[in-house]
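Trainee: I would like a close look at one part of this structure, namely the open sheet in chain B and the loops that go with it. Please take me through it slowly.

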Amino acid sequence: MSSRRPWLLAAALLAVVLLTGGFLSMRGVPWRSGSSGGGREELTVERAALSPGQIVLTLKNHADDAIPVAQAIVNDAFVDFHAVDAGGTQLAIDYPWIEGESYEIELLTPTGASADFEIEDADASS
Amino acid sequence: MLAGAASIVGSGVAAKLAAASSRNTVHDSVMAGSMHTGFAEGRTTVDPKVNGFDPSKIVRDFDWGTTQRLAGGRVLRQWELVAYDREIEIVPGVKFHAWTYNGRVPGPTMRCREGDVLRIHFVNAGSHPHTIHFHGIHRDIVDGVPGIGGGVIDVGGEFTYSFVAEPFGLHLYHCHASPLVEHISKGLYGAFIVDPKQGRPPADELLMMQNAFDPNFNDDNEVYAVNTVAFHYLYKPIEVQRDRLVRIYLLNIVELDPINSFHIHGNFFHRFPTGTSLQPTEYTDTVVQGQGQRDVLELRFPYTGKYMFHAHKTEFASLGWMGMFEVVE
């Protein structure tokens, strides 16, 4: 894997997502999904919420068919994950994130396509 | 539902999103093969039946071809390699549309002795033009590059590469059609071992092809391995005997990343670069390889137990290039 892409940081300035609720918040940027198919972003990560030791992603399916998530990668390491809700629209990753650091997340689908998400500045503020 | 996803055992649960009629609502959830680099019980690897090849067998699978004695005493050694497309599973739940030699990645480990006459009949049953380029010393007409000799072999075409095996050592073969990165990274490569005439000391011999995959085609590998399947040898350790000589044929065919490395825990090894000398140049526990580089490594395990090996380019380790030796009496 190459190092982080500088353009992601620029993109982060354009799309800041603030989260509230039962989780601590962070700022995140959804970015392009890789695809082994036609390049259409069929699965995207809409937002992320941080709680101590955990990252919860909210997902959106833009396709007509169900899309399983087969593997999750955080900062170039495969990680465990589980569904938060019965519908599988939220996915939780147990991860010892550190405030102020950045995280690249990739969710791989069975076809090898990915839904990618950048946490620019992990934040404990609400 | 895609095959494989539901059958994979792991602690992760896939988020399975809904169809258009009820987007982002529940259909169901399935168990998925979420991997990490820990040692939790119950984790698994790809079922070899899915791929049609088993990394636990590839590691000791050396193909000596079919032989006949030529007038003058030389050995003629022959193989047939067929290129064809095949979907393989590179980490539980994630498929990759590979281009293969004989349906496996890496291709057959071709083994011969210095001075043998080699004849490799190549059939291109794939979806794109391909070649076989062998490392070694030979004439240009059998070099497997575009525009010379057989050149690029079109879909449906055939060609026979014939040359004498030299020098002894650990070599590669791979497709040399353009674009080269694509043809190699999709799986068209294998090891080509030329034994010295006098042979090497008896040993438990292992083939380790360091490779990687970019399943979302973003010019950035997501999955790393030895012999294709991420973490395979972590969950199915390579069993070796205490005090027995182990010889590792280590190659790096990873594209997109300039270097790779091999590190072993609890031990040191003798390093024979490219295997072209019988004298080691180094006694170490870590070796760095560039793209296409090879080394023969020799070691003995003095203690029983489990000993990890992995890339010391540690992000590769966390993305699948990690395994285990299990040393037994």
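Mentor: What follows is a walk through that sheet and its loops, with a sheet of chain A set beside it at the end. Please keep in mind throughout that this is a predicted model.

The sheet in chain B is open and consists of 6 strands, arranged in the order S14-S13-S16-S21-S18-S19, with mixed pairing. Its edges are formed by strand S14 (223–226) and strand S19 (282–284), and because each of these has a single partner strand, one side of each is left without a neighbour in the sheet. From one strand to the next, the twist averages 25 degrees.

At the S14 edge, strand S13 (residues 204–213) of chain B runs antiparallel to S14(B), and the two are joined by 4 bridges. Within this pair, B:Asn211 stands opposite B:Ala225, the latter belonging to S14(B). The loop between S13 and S14 of chain B holds B:Asp219, a residue other than glycine whose phi is nevertheless positive, near 60 degrees. B:Asp219 counts as exposed because 12 other C-beta atoms lie within 10 Å of its own, and a residue with 12 or fewer falls into that class.

Two further loops of chain B deserve attention for their peptide bonds. In the loop between strand S6 (94–101) and strand S7 (109–113) of chain B lies B:Pro106, and the bond leading to it from B:Val105 is cis, with omega near -5 degrees. B:Pro167, in turn, sits in the loop between strand S10 (158–164) and strand S11 (169–174) of chain B, where the peptide bond from B:Glu166 to B:Pro167 is cis, again with omega near -5 degrees.

For a companion view, chain A has an open sheet of 4 strands in the order S3-S4-S8-S7, paired in antiparallel fashion. Here strand S3 (43–51) and strand S7 (81–83) of chain A stand at the edges, each with a single partner strand, so one side of each lacks a neighbour in the sheet. Neighbouring strands of this sheet are turned against each other by 25 degrees on average, direction ignored. S7(A) is joined by 3 bridges to strand S8 (residues 90–94) of chain A, the two running antiparallel, and A:Phe81 stands opposite A:Ile93 in S8(A).

Chain A also offers a loop residue with positive phi: A:Asn75, which is not a glycine, has a phi near 45 degrees and is placed in the loop between strand S5 (71–74) and strand S6 (78–79) of chain A. A:Asn75 counts as partly exposed, with 18 C-beta neighbours inside 10 Å.

How values were computed. Residues are numbered from 1 along each chain as its sequence is written. Chains are lettered from A and ligands numbered from 1 in the order in which they are written. This is a predicted model: local features need pLDDT of at least 70, side-chain atom pairs count only at pLDDT 80 or more; totals for chains, interfaces and linings use all residues. Two strands pair if DSSP finds at least two bridges between them. Axes are lines fitted to C-alpha atoms, for helices over the stretch in contact, and angles run from 0 to 180 degrees between N-to-C directions. A residue is buried if 20 or more other C-beta atoms lie within 10 Å of its own, exposed if 12 or fewer, and partly exposed in between; C-beta atoms are placed from the backbone.
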